[in-house]
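Trainee: I should like to go through the assignments in this model and ask what each one rests on.
Mentor: Please proceed; each term will be set against its definition.

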Amino acid sequence: MTVPVCRLTPADAPAYRAARLAALHADPAAFLTNAAEFAALGDEALAARLAPDAPGVTLGAFLNTSPDLVGLLTLVREAAPPLAHRVNVYGVSVAPPARGQGVGAALLQAGVELARSWAGVTSLHLAVMDSQPAALRLYERAGFRVWGTQPDAVRRGGRVYTEHWLSLDLTAPA
């Protein structure tokens, strides 16, 4: 199945809000931001995140069976010149009903291709909580490798989470 992925624009802010809130409610342990914090953001702030001059690029995925946004992935290039070869991946999510249909893989592939197109970018970086083993497997299938693990990284709801740090070398053949 082909999963359409596109760059979101300010016009997509309502769909982005709905998809991101759904992700934060479905998997709260997977994200540092909680649903209440995100819900408090105004429409202008969300539109600014999706503007052409925003510091990050957010990709959205759709399934042919639904007009709803079912997946998100944000890329943010490091701004400091000594780090500008690095791009961070944030906020990856796939709606529970769309899981197992290639949405996550399509988002990652589109994100990797976009990052490869940016001059001087040589690596992608992300972190995943130990509560998300399916996400870790997805990243590893896409070629990401764990380079470090931080125990006691996040505490939420009385639980302690470990965070795995991964990277993907973009200079290696695709």
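Trainee: What makes E5 and E7 a strand pair, and in which sense do they run?
Mentor: Strands E5 (123-129) and E7 (159-169) pair in the antiparallel sense over 7 bridges. Two strands count as paired if DSSP finds at least two bridges between them, so 7 bridges satisfy the rule. Val128 stands opposite His164 in E7. The strands are DSSP runs (E, at least two residues), as helices are runs of H or I with at least four, and both are numbered from the N terminus. The model is predicted: local features need pLDDT of at least 70 and side-chain atom pairs 80 or more, while totals for chains, interfaces and linings use all residues. Residues are numbered from 1 along each chain as its sequence is written, and side-chain values use heavy atoms, with hydrogens and water left out.

Trainee: Which residue of E6 stands opposite His164 in E7, and how many bridges join E6 and E7?
Mentor: Thr149 stands opposite His164. E6 and E7 pair over 8 bridges, in the antiparallel sense. They form a hairpin with 2 residues between them, and Gly157 in the turn has a positive phi of about 60 degrees.

Trainee: Why are E1 and E6 called edge strands?
Mentor: The open sheet has 7 strands in the order E1-E2-E3-E4-E5-E7-E6, with mixed pairing. Strand E1 (5-7) and strand E6 (145-156) each have a single partner strand, so one side of each is left without a neighbour in the sheet. The twist averages 25 degrees from one strand to the next; axes are lines fitted to C-alpha atoms, for helices over the stretch in contact, and angles run from 0 to 180 degrees between N-to-C directions.

Trainee: In which sense do E4 and E5 pair?
Mentor: E4 and E5 pair in the parallel sense over 3 bridges. Arg86 stands opposite Ser123 in E5.

Trainee: Which helices lie against the sheet?
Mentor: Helix H1 (residues 13-26) lies across E2, E3 and E4, at about 85 degrees to E3. H4 packs on the sheet as well, touching E1, E2, E3, E4, E5 and E7, and its direction makes about 40 degrees with that of E3. Contact here means heavy atoms within 4.5 Å.

Trainee: What makes a group of residues a nonpolar core?
Mentor: The members are buried Ala, Val, Leu, Ile, Met, Phe, Trp, Tyr and Cys residues joined through side-chain atoms within 4.5 Å. Buried means under 20% relative accessible area, exposed over 50%, and partly exposed in between (1.4 Å probe, protein chains only). The largest core has 30 residues, of which Leu73, Val103, Leu124, Tyr139 and Phe144 touch the most other members. H4 gives the most to this core, with 6 residues. Beyond its neighbours within four places in sequence, Phe144 has contacts that include Leu108, Leu124, Tyr139 and Leu166. A second, separate core of 14 residues includes Ala13, Ala23, Ala35 and Leu72.

Trainee: How do you know that Arg17 and Asp43 form a salt bridge?
Mentor: The rule asks for a side-chain nitrogen of Lys or Arg within 4 Å of a carboxyl oxygen of Asp or Glu. The N to O distance of this pair is 3.1 Å, so the rule is met. Arg17 lies in helix H1 and Asp43 in helix H3 (residues 43-49), so the pair ties together parts that are 26 residues apart in sequence. Arg17 counts as buried at 17% relative accessibility, whereas Asp43 is exposed at 57%.

Trainee: What distance supports the bridge between Glu78 and Arg86?
Mentor: Their closest N and O atoms are 3.7 Å apart. Glu78, at 22%, and Arg86, at 26%, are both partly exposed. By this rule the count comes to 4 salt bridges.

Trainee: Why is the pair of Trp147 and Trp165 called tilted?
Mentor: Rings of Phe, Tyr and Trp (its six-membered ring) pair if their centres lie within 6.5 Å; planes under 30 degrees apart count as stacked, over 60 as edge-to-face and the rest as tilted. The centres of Trp147 and Trp165 are 6.3 Å apart and the planes stand at 50 degrees, so the pair is tilted. Trp147 is exposed at 56% relative accessibility, and Trp165 is partly exposed at 32%.

Trainee: What makes Tyr16 and Phe38 an edge-to-face pair?
Mentor: Their centres are 5.8 Å apart, with 80 degrees between the planes. Both residues, Tyr16 and Phe38, are buried.
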